[in-house]
Structure formats: C-alpha cells, structure tokens
Amino acid sequence: MPSTDLPIPAPSAAVHRLVEVPGGRIHLVEQGSGPLVLLVHGFPESWYSWRHQLPALAAAGFRAVAIDVRGYGRSSGPGEAEAYRMPTHVSDNVGVVRALGERTATIVGHDWGAGIASGSALLRPDVFTSVGLLGVPYAPRSGPRPTEVFARIGGADEFYVAYFQAPGRAEAEIEPDVRGWLAGFYAALSADTMPPSGADSPFLVPPGARMRDRFPAGVLPSWLSEADLDFYAAEFERTGLTGALNRYRNVDRDWEDLAGLDGAPLTPPSLFIGGELDPSTGWSAEAIAAFPTTLPGLVSSHILPGCGHWLQQERAAEVNRLLVAWLRSPQVRAAG
C-alpha cells in the first residue's frame with residue numbers, strides 16, 4: 001500500500017486523502033465545495049499536474065478533486081500489467097465518487113487521463129455526466145488492433161508507444177536517471193523547449209537507441225521549476241515507472257474490452273482543449289475533425305495558439321478560464 005509519511009507540496013486549503021476503492025486505495029487531493037469535478041492526469045505526471053486548477057475551480061464554486069491514477073504516487077500499484085486495463089480505471093473513478101459521498105461527477109482528463117475520462121463517461125454515463133478532454137481528443141474504438149497500428153508508424157524507427165510495450169525495457173532507460181529523463185520528456189513536448197520543426201522526432205526511436213537520445217538537454221520549460229521537477233522525480237523514484245507504463249501496455253486489452261462500443265459517440269456535454277504545437281494535435285487531426293459525429297454533446301473546443309502538450313501547466317490561467325466557463329454552461333449544469 002502507498003506510504004503517507006512523506007511531505008507533499010499542496011495548494012493552500014487543499015486536503016490529501018486516501019480512499020478505498022474496489023481495486024485498492026486511491027490518493028486524492030481535494031479543494032472546495034460544490035459540484036464534483038474529478039481531475040485525471042496523464043503520463044508521466046500525478047495529481048500535482050492539476051495544482052493550478054484545484055484552487056481556481058474551488059474559488060469558482062466547485063469541489064475539485066485530483067487523483068493519483070493507480071500505479072502513480074500514493075495510490076495502489078498492482079504488479080500485473082492486466083490490472084491497468086480501462087475497466088479497472090473506470091472502477092477506480094466510480095469508487096472515488098462513491099467514497100466522496102457523491103452520485104455523479106464531471107470528469108476531466110489530460111493525456112492518458114483524457115482517454116480514461118472518455119472511457120469513464122462511455123462505460124458509466126450514470127456517474128460521469130459531462131467530460132472534459134485536454135490534449136488528446138476522443139476517438140471511438142475502431143480499426144485494427146492498436147499495437148499493429150503503432151508498429152507501422154515511423155518506418156525503420158520505433159514509435160514510442162511501441163517502444164513502451166515490452167515490460168522492463170523503458171524502465172531500464174528511465175529509472176537510472178528519473179529526474180533527467182523526465183526533464184527531457186517534459187521539454188520535448190513544451191512549446192518553449194521542444195525541438196524545432198524538421199528536427200528528428202523524440203517520439204521515434206532509432207534501432208539500438210534510447211528515447212532520451214533525441215530529448216532536449218540542459219533546459220527546463222518555463223512552466224516547470226526545479227522544485228516542480230523535484231516533486232515529480234521523487235514520486236517516480238519511490239514508485240518506479242512500471243505502474244505508469246502499464247497503461248500503455250493495455251492498449252490491445254482496452255480495444256478488446258470496448259469491442260461492444262465500436263464506433264460509439266461520446267454523448268455527454270463535452271469540452272476539448274488542445275495545444276497548437278502539441279504533436280498529439282497533429283496526430284489526431286482526423287479525430288478532431290470528426291467531433292460533429294463523435295462528440296455530439298460538444299459544448300466548446302479550443303486550440304491554444306503557441307501551446308504545447310502540458311496545457312494546464314503551460315497555460316494555467318487560460319485553461320482555468322475555459323474550464324470554469326464550460327462547467328458553468330447550461331449544458332453541464334443540466335446534465336449534473
């Protein structure tokens with residue numbers, strides 16, 4: 001079970017809790033009162049990626065709750081890869097809502113957390129009545145097995161999701177220098193430090209190379225202080241990276257588990273925010289263009305000019321404004 005004896009930096013008036021869910025325990029940080037907004041982080045982050053949103057949403061009259069996804073931080077981290085398939089994450093999220101004494105919630109996710117958020121709204125629309133997606137748009141389950149698709153990306157090079165598939169392989173690269181690897185990964189996806197247009201992609205790994213060989217070196221993005229990096233690094237140095245990487249190792253299991261929802265639209269009131277310079281925005285251009293069909297409840301969609309992947313940290317004030325406006329919209333209020 002996760003330790004609770006280490007100091008954790010927290011926004012003023014935020015409360016840290018461990019709550020029991022069917023699959024173990026989930027660590028969360030809670031601030032404010034009002035309608036529940038569940039915030040789900042992506043890779044390689046933690047509840048801390050929402051540190052700017054917690055006080056802003058609380059001040060706007062919402063009960064903001066940021067979790068450590070299973071395998072991260074102080075949440076339970078099962079050893080087997082199969083324990084990180086989509087239905088287990090959905091069950092964790094439902095368990096958090098119930099543990100907080102609520103019946104329904106708005107769910108907002110970033111990166112992998114956006115996929116978990118959309119999966120939660122698809123599988124449990126009775127609980128998650130509206131859904132916000134940051135960085136990664138909704139794309140219905142379809143097509144061939146995901147690992148087959150990822151294996152074809154990059155030609156002679158290896159797409160990073162494929163690189164992450166083999167247990168222990170990415171861990172062997174990252175864990176000897178967690179802080180340095182994280183710094184390079186964050187920089188590679190940040191607007192002010194990412195490689196220039198036309199440079200070799202840090203998300204394609206040449207044969208015999210490492211991901212970090214193409215990361216920017218010796219520079220931190222403007223949104224990331226040394227103290228922020230220290231926090232992230234300390235969390236992963238304590239837990240290791242296997243739990244976090246296991247989310248990637250379930251893409252085929254997710255595809256199997258969601259077979260009954262092939263092509264299904266995501267119907268609750270929704271929000272999308274992407275970064276203009278985020279590679280995910282380019283990779284997912286077709287998914288964004290399909291929103292009229294796949295997100296029929298879309299309330300608002302925004303591409304932030306000059307922004308990279310780490311939206312809620314790179315552009316905290318702008319994201320906060322967009323989130324609050326969406327949460328206060330008639331569609332979200334009526335759904336809740």
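**Figure 1. The open sheet and its edges.** In this predicted model, eight strands form an open sheet with mixed pairing, in the order E1-E2-E4-E3-E5-E6-E9-E10. Strand E1 (15-21) and strand E10 (298-304) stand at the edges with a single partner strand each, so one side of each has no neighbour in the sheet. On average, neighbouring strands of this sheet are turned by 20 degrees against each other, direction ignored. Strands (E, at least two residues) and helices (H or I, at least four) are DSSP runs numbered from the N terminus, and two strands pair if DSSP finds at least two bridges between them. Residues are numbered from 1 along each chain as its sequence is written, and side-chain values use heavy atoms, with hydrogens and water left out. As the model is predicted, local features need pLDDT of at least 70 and side-chain atom pairs count only at pLDDT 80 or more, while totals for chains, interfaces and linings use all residues.

**Figure 2. Strands E3 and E4 with the helices packed on the sheet.** Five bridges join strand E3 (residues 36-40) and strand E4 (residues 63-67) in the parallel sense. Valine 40 has isoleucine 67 of E4 as its bridge partner. Helix H3 (residues 112-123) packs on the sheet and touches E3, strand E5 (105-110) and strand E6 (128-134); the direction of H3 makes about 160 degrees with that of E6. Helix H15 (residues 316-327) also packs on the sheet, touching E3, E5, E6, strand E9 (270-275) and E10, and its direction makes about 170 degrees with that of E10. Axes are lines fitted to C-alpha atoms, for helices over the stretch in contact, and angles run from 0 to 180 degrees between N-to-C directions. Contact means heavy atoms within 4.5 Å.

**Figure 3. Surroundings of histidine 309.** Histidine 309 lies in the loop between E10 and helix H14 (311-314). Its relative accessible area is 2%, so histidine 309 is buried (under 20%; exposed is over 50%, partly exposed in between; 1.4 Å probe, protein chains only). Neighbours within four places in sequence aside, histidine 309 is in contact with His110, Asp111, Leu189, Asp278, Ser280 and Glu314.

**Figure 4. The largest nonpolar core around methionine 211.** Phe43, Phe164 and Met211 touch the most other members of this core of 97 residues. Helix H7 (residues 178-188) gives the largest share, seven residues. A nonpolar core is a set of buried Ala, Val, Leu, Ile, Met, Phe, Trp, Tyr and Cys residues joined through side-chain atoms within 4.5 Å. Not counting residues up to four places away in sequence, methionine 211 touches Tyr160, Tyr163, Phe164, Glu173, Trp181, Phe185, Pro202, Phe203 and Val205.
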